[in-house]
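Me: I'm new to reading protein structures. Could you look at this one with me and answer some questions?

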Amino acid sequence: MARRIDVTGAGGVRLAAWEFGDPPKDGADAVIPAQSTGERTGAPDIPAGPENRPGVLLLHGLMGRASHWASTARWLSERHRAVALDQRGHGRSEKPPEAAFTREAYVEDLEAAIEQLGLAPAVLIGHAMGALTAWQLAAKRPDLVRALVICDMRASALGAASQREWADWFKSWPLPFATLADVRKWFGEDDPWVERPHASRGEFYAEVMQESPDGWRPVFAPEQMLKSRETWVYDAHWEELAQVRCPALVVRGLDGELGRAEAQEMVRVLPRGQYAEVADAGHLVHYDQPEGWRTAIEPFLDSVFSTP
C-alpha cells in the first residue's frame with residue numbers, strides 16, 4: 001500500500017511522493033497498481049505524520065515512475081520509512097510545458113522533497129538519472145544525505161551521438177499502442193534496441209503507459225525526457241562524485257549500461273565507495289532481478305543503519 005504526499009519542487013512544480021507501508025486503520029491509503037489500467041486515480045493529499053524510522057527515498061530513472069520501486073519499497077518499509085518520488089515530468093508529478101528540466105531543477109526538487117517530508121538525513125537509492133540526481137545532491141547538501149545507492153548510472157559523458165540515438169528511438173515508437181499487451185510485446189521483443197526477449201522490460205514500459213481516446217500512450221512527454229537527458233549526456237560527473245562524503249554503493253547489472261571497469265573507477269573516486277553487481281540483470285536491475293537486487297543492497301543498508 002502507498003499513500004500520496006504532495007510536495008513543492010523548484011519553481012513551484014507539484015511533485016507526487018508515495019510513502020509505502022501498512023495502510024492506516026481508516027483505509028485512507030491508495031494503492032499504486034502493479035500494472036497500468038489507465039491513468040492512475042491518485043490518492044488524497046495526506047500530510048506526513050511524525051515518524052521515527054530512518055528515511056529512505058527512492059528515485060526512478062528517466063521515463064520511470066515511483067511505482068517501479070514498489071517491490072523494493074515493500075521490504076524496505078518493514079524497517080524504514082520508504083518513500084518513492086515521481087520526479088518532475090514523470091508519473092503523477094506535474095509536467096508543465098514551461099518547467100525547467102535542468103540538472104539544477106531536479107536536484108532542487110530532491111532537496112525540497114527531503115526537507116518537506118522530514119526524511120533528513122535520508123538514504124537515497126537512485127536508478128540511472130535518479131542516481132545522478134542523488135549524488136549531485138549529496139555533493140551539494142551532505143547534511144541531507146546519510147548514504148547513497150547508485151544503480152547503473154555512468155559518470156562519464158555519453159556524447160551527442162547518444163542523444164541523437166535517443167531522439168530517433170522515441171520517433172520509432174509505434175504510438176498509440178492498441179493494448180497493454182502490445183506495449184509489452186514491442187518493448188519486450190520488437191523494439192530494435194532489444195537483443196533478446198526481455199519480459200521485464202515490457203512490464204517496465206507498460207507501467208508508464210496510460211489509456212487515451214486513441215489507445216495507450218506514455219504518461220510523460222518524450223520531448224521533456226529529451227530535454228532532461230540533454231542536461232547530463234554531454235558532461236562527465238566525476239568531480240561531483242568525488243565530493244560525496246557519505247557511504248555509497250555502486251550497483252551494476254552484469255548486462256547493464258554501466259561497465260565493470262567504469263563502475264570500479266566510480267568506487268575508487270568515491271571517498272567511501274563500495275561495489276556490488278547483480279547477475280542476469282540488465283539496466284533495469286531492480287526490475288530484472290528483484291531478489292538479486294535485494295541481496296546486493298541489503299547488507300550495505302544494514303551497515304549504514306547500524307552505524308550511530
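Me: What covers the buried residues of helix 4?

Reply: Happy to help, and keep in mind that this is a predicted model. Helix 4 spans residues 160–172, and its buried residues are Ser 162, Gln 163, Trp 166, Trp 169 and Phe 170. What covers them includes helix 5, helix 6 and helix 7.

Me: How wide an arc do those buried residues of helix 4 cover around the axis?

Reply: A bit of background helps here: an α-helix has 3.6 residues a turn, so residues three or four places apart point the same way. In helix 4, the buried set includes Trp 166 and Phe 170. The buried residues lie on the same side of helix 4, because they cover an arc of only 120°.

Me: Which exposed residues does helix 4 carry on the face turned away from its buried side?

Reply: One side of helix 4 holds buried residues, among them Trp 166 and Trp 169. The face turned away from that side carries exposed residues, which here means over 50% relative accessible area. They are Arg 164, Asp 168 and Lys 171.

Me: How far does helix 4 reach from its first C-alpha to its last?

Reply: Helix 4 has 13 residues. At 1.5 Å a residue, the expected span is 18 Å. The model comes close to that, with a reach of 19 Å.

Me: How many of the residues of helix 6 are buried?

Reply: Helix 6 runs from 199 to 206 and is mostly covered. What covers its buried residues includes helix 4, helix 5, strand 7 and helix 10. Among the buried ones are Arg 201, Phe 204 and Tyr 205. Out of its 8 residues, the number buried is 6.

Me: How far apart in space are Gly 188 and Gly 202, C-alpha to C-alpha?

Reply: Gly 188 lies in helix 5, while Gly 202 is one of the buried residues of helix 6. Gly 188 is buried too, with a relative accessible area of 2%, and the residues it touches include Val 194, His 198 and Gly 202. The two glycines are 14 residues apart in sequence, but in space their distance is 4.2 Å.

Me: What is the order of the strands in the open sheet?

Reply: The protein chain has 11 helices and 10 strands. The open sheet takes in 8 strands with mixed pairing, and the twist averages 20° from one strand to the next. Reading across the sheet, the order is 1-2-4-3-5-6-9-10.

Me: Which strands stand at the edges of the sheet?

Reply: Strands of a sheet pair through backbone hydrogen bonds, either parallel or antiparallel. An edge strand here has a single partner strand, so one side of it is left without a neighbour in the sheet. The two strands in that position are strand 1 and strand 10.

Me: How many of the residues of strand 5 are buried?

Reply: Strand 5 runs parallel to strand 3, joined by 4 bridges, and pairs with strand 6 in the parallel sense over 6 bridges. Ala 122, Leu 124 and Gly 126 point one way, Val 123, Ile 125 and His 127 point the other way, and all are buried. Strand 5 is therefore largely enclosed by the rest of the structure, and its buried count is 6 of 6.

Me: Which residue in strand 6 is the bridge partner of His 127?

Reply: On the strand 3 side, Leu 58 has Ile 125 in strand 5 as its bridge partner. Strand 6 is the other parallel neighbour we met, with 6 bridges to strand 5. There, the bridge partner of His 127 is Cys 151.

Me: Which helix gives the largest share of the largest nonpolar core?

Reply: In soluble globular proteins, nonpolar side chains tend to be buried together. The largest nonpolar core here has 69 residues, and those with the most contacts inside it include Trp 135, Leu 148 and Ile 150. Its largest share, 7 residues, comes from helix 3.

Me: Which helix lies across strand 3, strand 5, strand 6, strand 9 and strand 10?

Reply: Two helices are worth looking at against the sheet. Helix 2 lies across strands that include strand 1 and strand 2, running at about 120° to strand 1. The helix you ask about runs at about 165° to strand 6, and it is helix 11.

Methods. Residues are numbered from 1 along each chain as its sequence is written. This is a predicted model: local features need pLDDT of at least 70, side-chain atom pairs count only at pLDDT 80 or more; totals for chains, interfaces and linings use all residues. Side-chain values use heavy atoms; hydrogens and water are left out. Two strands pair if DSSP finds at least two bridges between them. Axes are lines fitted to C-alpha atoms, for helices over the stretch in contact, and angles run from 0 to 180 degrees between N-to-C directions. Contact means heavy atoms within 4.5 Å. Buried means under 20% relative accessible area, exposed over 50%, partly exposed in between (1.4 Å probe, protein chains only). A nonpolar core is a set of buried Ala, Val, Leu, Ile, Met, Phe, Trp, Tyr and Cys residues joined through side-chain atoms within 4.5 Å. The expected span of a helix is 1.5 Å times one less than its number of residues. The arc is that of the directions from the helix axis to the C-beta atoms.
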